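Here are a few exercises to work through with the model open. Try each one yourself before reading the solution.

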Amino acid sequence: MALLLTREDVISVLDMAACMDVVEQAFAELAHGTAVLPLRINITPPDGLALYMPAYLKEMGALACKVVTVYKKNPDKFGIPTTIGKVLLQNPETGEVICVMDGGYLTAVRTGAASGVATKFMARKDDGMTAGIFGAGVQAKMQLWAVTVARKISKAVVYDVSGEAADKFIAEMGKKLGLEVAKAASPDEVLATDVICTATSSPTPIFDGKKVKEGTHINGIGSHTPKARELDTEIIARSRLVGDSREACFKEAGDIMIPLAEGAIDEDHFYAELGEVIVGEKIGRETDVEITLFKSNGLAIQDAATAKLVYDKAVASATGTEVEI
Ligand SMILES: NC(=O)c1ccc[n+]([C@@H]2O[C@H](COP(=O)([O-])OP(=O)(O)OC[C@H]3O[C@@H](n4cnc5c(N)ncnc54)[C@H](O)[C@@H]3O)[C@@H](O)[C@H]2O)c1
């Protein structure tokens, strides 16, 4: 028997604080060498992109593969979303598939969770800090949620090129988090905050890195292809740079690859992987004036850890439908 979990099932059992805990453990396993994380497999059928993301976390007992497709013609041609994802969870002792679950909400929460963990280890610790979010889409909402779990945030601002998206974000997240969330009139208003998340679909830099104030922490999650970047060369060069994976940053992240190609930084500028900071091999922040930056590309270990969490919670609360496949 396998458990089937719909999007609503996943939403009902998945909480950000719990997700941050397992994502932190997953990155620690990566640093300790108990995670198996093959490179993402990409297949390009004529109209789209199919991504296969497997991972195994030995200590956690999580073995999973996420299948995500990005088909840009889907909404117009078939009335279905551009991005569709499912996660298949296996029993590592028998190999059996024990659960198939929707992957859309899971992806947004686990992406938020990685930024939340990075914020926990890298941001300043002052009370009453402010958060600034670039982008008001699916990922951006989970970024703000995670930052409020990691730090006491007094107020947030959001900037999106779509004013309508920003209005929806403010209504939804203000209520969900019980937090004052305001619309930023310009990118500069976001740069005045203490913890910044960039979660846009922009392929080009979204703010001027020279204007970022001392002591800021940034989570950059939006772009993850070699030619696209949300962050300019200046902010990469000014920051203590931590990434989810060295390999992913050098092979997939335009945010890092473009400044490298320009000769503005060299590979030694990449300070650490997040897992190395979590296990104490490297330091997330040394002073209150330095700028720290976490570059997220999205790793399958985050999906595997989160899928195991969702499955365990669903079993405990009798959520979902058992099926014989
Ligand atoms: N790092 C990861 O693990 C990870 C995981 C999932 C998605 N992503 C990426 O995150 C990005 C956002 O995904 P999403 O699902 O939230 O998309 P979305 O379409 O729901 O939201 C993107 C938002 O960005 C806004 N935007 C575009 N250009 C902007 C700019 N210059 N300034 C401010 N706002 C701007 C858009 O108007 C839109 O509201 C995508 O690039 C996606 O590939 C990363």
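**Exercise 1.** Find how many residues surround the ligand, and which are the closest.

Solution. Start from the ligand in this predicted model, where local features need pLDDT of at least 70, side-chain atom pairs count only at pLDDT 80 or more, and totals for chains, interfaces and linings use all residues. Residues are numbered from 1 along each chain as its sequence is written. Pick every residue whose C-beta atom, placed from the backbone, lies within 6 Å of the ligand. You get 26, with Gly137, Gln139, Thr200, Ser202 and Gly298 the closest. Next, sort the shell by class: 10 nonpolar, 15 polar and 1 charged (Ala, Val, Leu, Ile, Met, Phe, Trp, Tyr, Cys and Pro count as nonpolar, Asp, Glu, Lys and Arg as charged, and the others, Gly among them, as polar). Finally, look at helices (DSSP runs of H or I, at least four residues, numbered from the N terminus): H5 gives the most to the shell, with 3 residues.

**Exercise 2.** Work out how H2 and H5 are oriented to each other.

Solution. Fit lines to the C-alpha atoms over the stretch in contact and take the angle between N-to-C directions, on a scale from 0 to 180 degrees. For H2 (residues 16–32) and H5 (residues 138–150) that angle is about 80°, and the axes are 10 Å apart. The two helices are therefore roughly perpendicular (65 to 115 degrees). Now list who meets whom: Met16, Ala17 and Met20 of H2 face Trp145, Ala146 and Val149 of H5, counting C-beta atoms, placed from the backbone, within 7 Å as a contact. By class, this contact has 6 nonpolar, no polar and no charged residues.

Methods: Angles under 35 degrees count as roughly parallel, over 145 as roughly antiparallel, 65 to 115 as roughly perpendicular and the rest as oblique. Two residues are in contact if their C-beta atoms, placed from the backbone, lie within 7 Å.
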